[in-house]
Amino acid sequence: METSRKGEWLEIIVPEKWTNYSVQEIFRTFWQAPKKLTHSLRMEKGVKVNGQPADWTAALNLNDRLAIRFFSEQEFGIQPSYHELSILYEDDHLIVVNKPAKMDTHPNVPEETDTLSNAVAYHLLSNAEYRQVKHVHRLDRDTTGAVLFAKHPFIGSILDQMLEKREIKRTYLALVQGIITAKKGTIKEPIGRDRHHATRRRVSPSGQRAVTHFEVLQTNKKQNLTLVKCFLETGRTHQIRVHFSHIGFPLAGDLLYGGKPIFSRQALHAIKLEFVHPITEETITCHAPFLDTQNIFTGIDPYSI
């Protein structure tokens, strides 16, 4: 898809597959855009075709210039605050950041300023991009790795849908206690809150559907540890930690779920993020190098996963 940014506007050269479709059909069929955002753009004349306000029901022609006001300035929604960032990918629409340990993905109270979202807001501010910061998914405070942020509401809503439809693939590395003899497997157990603990989750028949696929990469019989690669089909809170604890292989360092204090945090890293960019249609693959000084995943090349 040929696109270019022009101030507040994104210009798209209409490709062959869009010809004879109307602007309304592009938003509704190709992007499945939320009705509220689509209505706002329509009422505010935020879409143009060849420099003129769009006729939303007229058919588009090959190489028409479709312009959409995606980049109008917004309040950040949180306090921008400087923290060093490891950026894995960035364009006008989204940014993927490698989260370190000991950092929340987003503030839990308004006065919090030391989260990844605050750092992303500062990064945008330093580049004169006034955007409302939106994390598409999150990682636990002590889990490291790739986190995806949307830079404007339109892309945020589409990425939310993609995540729900499992079109954003997230790959994790986990170091679990015990030797898993199977080469691969799937854990399908619903997860709910533990009523006896404020933050802990547990496998519960009344919980939400949760599916974790895993593949064994290495075993270390001397240390009684197994390195596994995990793919999430759902995104429940603490999902990988709960599932492996439930089957008797808690993550090393995960005291909350029965792991031993081998490390100062759970041995879990979001190593890869893959998706097709909803605007440019490029395949985006982000590998997250290890930032942890504890060398939990010693000898693993993150780009080989």
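Just after helix H1, Gln32 takes a positive phi of about 50°. The structure is a predicted model. In it, 17 salt bridges and 13 aromatic pairs are counted. The points below cover helix H1, the aromatic residues, a surface patch, the salt bridges and Leu175.

**Helix H1**

- Helix H1 spans residues 23-30, and its residues Val23, Ile26 and Phe27 are buried.
- Viewed down the axis of H1, the buried residues fall within an arc of 90°, so they line one face of the helix.
- As background, an α-helix has 3.6 residues a turn, so residues three or four places apart point the same way.
- The partners against which the buried residues of H1 pack are helix H2 (35-43), strand S3 (47-49), strand S5 and helix H4 (153-164).

**Aromatic pairs and cluster**

- A pair of aromatic rings is described by the distance of the centres and the angle of the planes.
- The total for the structure is 13 aromatic pairs.
- One of them joins Tyr21 and Phe30, which meet edge-to-face with 5.1 Å from centre to centre and 90° between the planes.
- Tyr21 counts as partly exposed because its relative accessibility is 33%, between the limits of 20% for buried and 50% for exposed.
- Phe30 is also partly exposed, at a relative accessible area of 32%.
- For Tyr82 and Tyr122, the ring centres are 5.6 Å apart and the planes stand at 70°, so this pair is edge-to-face.
- Tyr82 lies in the loop between S5 and S6, whereas Tyr122 belongs to helix H3 (residues 116-126), so the pair ties together parts that are 40 residues apart in sequence.
- One aromatic cluster is formed by Trp18, Tyr21, Phe27, Phe30, Trp31, Trp56, Phe70, Phe71 and Phe154.
- Phe27, a member of this cluster, is among the buried residues of H1.

**Nonpolar surface patch**

- Tyr82, Tyr122, Leu125 and Tyr130 make up a nonpolar patch on the surface, and together they have about 380 Å² of accessible area.
- The loop that holds Tyr82 runs between strand S5 (65-69) and strand S6 (87-90).
- Tyr82 counts as exposed because its relative accessibility is 54%, and the limit is over 50%.
- Tyr122 is partly exposed, with a relative accessible area of 35%.

**Salt bridges**

- Side chains of opposite charge can pair when their charged atoms come close.
- The number of salt bridges in the structure is 17.
- Among them is the bridge between Glu8 and Arg69, at 3.6 Å from N to O.
- This pair links distant parts of the chain, 61 residues apart: Glu8 sits in the loop between strand S1 (3-6) and strand S2 (9-13), and Arg69 sits in strand S5.
- Glu8 is partly exposed at 34% relative accessible area, and Arg69 is partly exposed at 27% relative accessibility.
- Lys151 and Glu129 form another salt bridge, with their closest N and O atoms 3.1 Å apart.
- Here too distant parts of the chain are linked, 22 residues apart: Lys151 is in the loop between strand S9 (144-150) and H4, and Glu129 is in the loop between H3 and strand S8 (134-135).
- Both Lys151 and Glu129 are buried.
- Lys134 pairs with Asp160 in a salt bridge whose closest N and O atoms are 3.0 Å apart.
- Lys134 is part of strand S8 and Asp160 is part of helix H4, so the pair ties together parts that are 26 residues apart in sequence.
- Lys134 counts as partly exposed at 31% relative accessibility, and Asp160 counts as partly exposed at 28%.
- Arg138, Asp140, Arg241 and Asp254 are joined into one network by salt bridges that share partners.

**Leu175**

- Strand S10 (residues 169-177) contains Leu175.
- Leu175 counts as buried because its relative accessibility is 11%, and the limit is under 20%.
- Leaving aside residues up to four places away in sequence, Leu175 touches Leu225, Thr226, Leu227, Leu251, Ala252, Phe263, Ala267, Ile296 and Phe297.
- Leu175 and Thr237 are 62 residues apart along the chain, and their C-alpha atoms are separated by 18 Å.

Methods:
Residues numbered from 1 in each chain as written. Predicted model: local features only at pLDDT ≥ 70, side-chain atom pairs only at ≥ 80, totals over all residues. Heavy atoms only, no water. Patch = residues over 30% accessible without salt bridge, like charges linked within 9 Å, V, L, I, M, F, W, Y side chains within 5 Å. Areas by Shrake-Rupley, 256 points an atom, 1.4 Å probe, with all protein chains shown as cover. Salt bridge = Lys/Arg side-chain N within 4 Å of Asp/Glu carboxyl O. Helix = DSSP H or I, 4+ residues; strand = E, 2+ residues; numbered from the N terminus. Buried < 20%, exposed > 50% of the residue type's maximum accessible area, 1.4 Å probe, protein only. Arc of directions from axis to C-beta. Contact = heavy atoms within 4.5 Å. Phe/Tyr/Trp six-rings, centres within 6.5 Å; stacked < 30°, edge-to-face > 60°.
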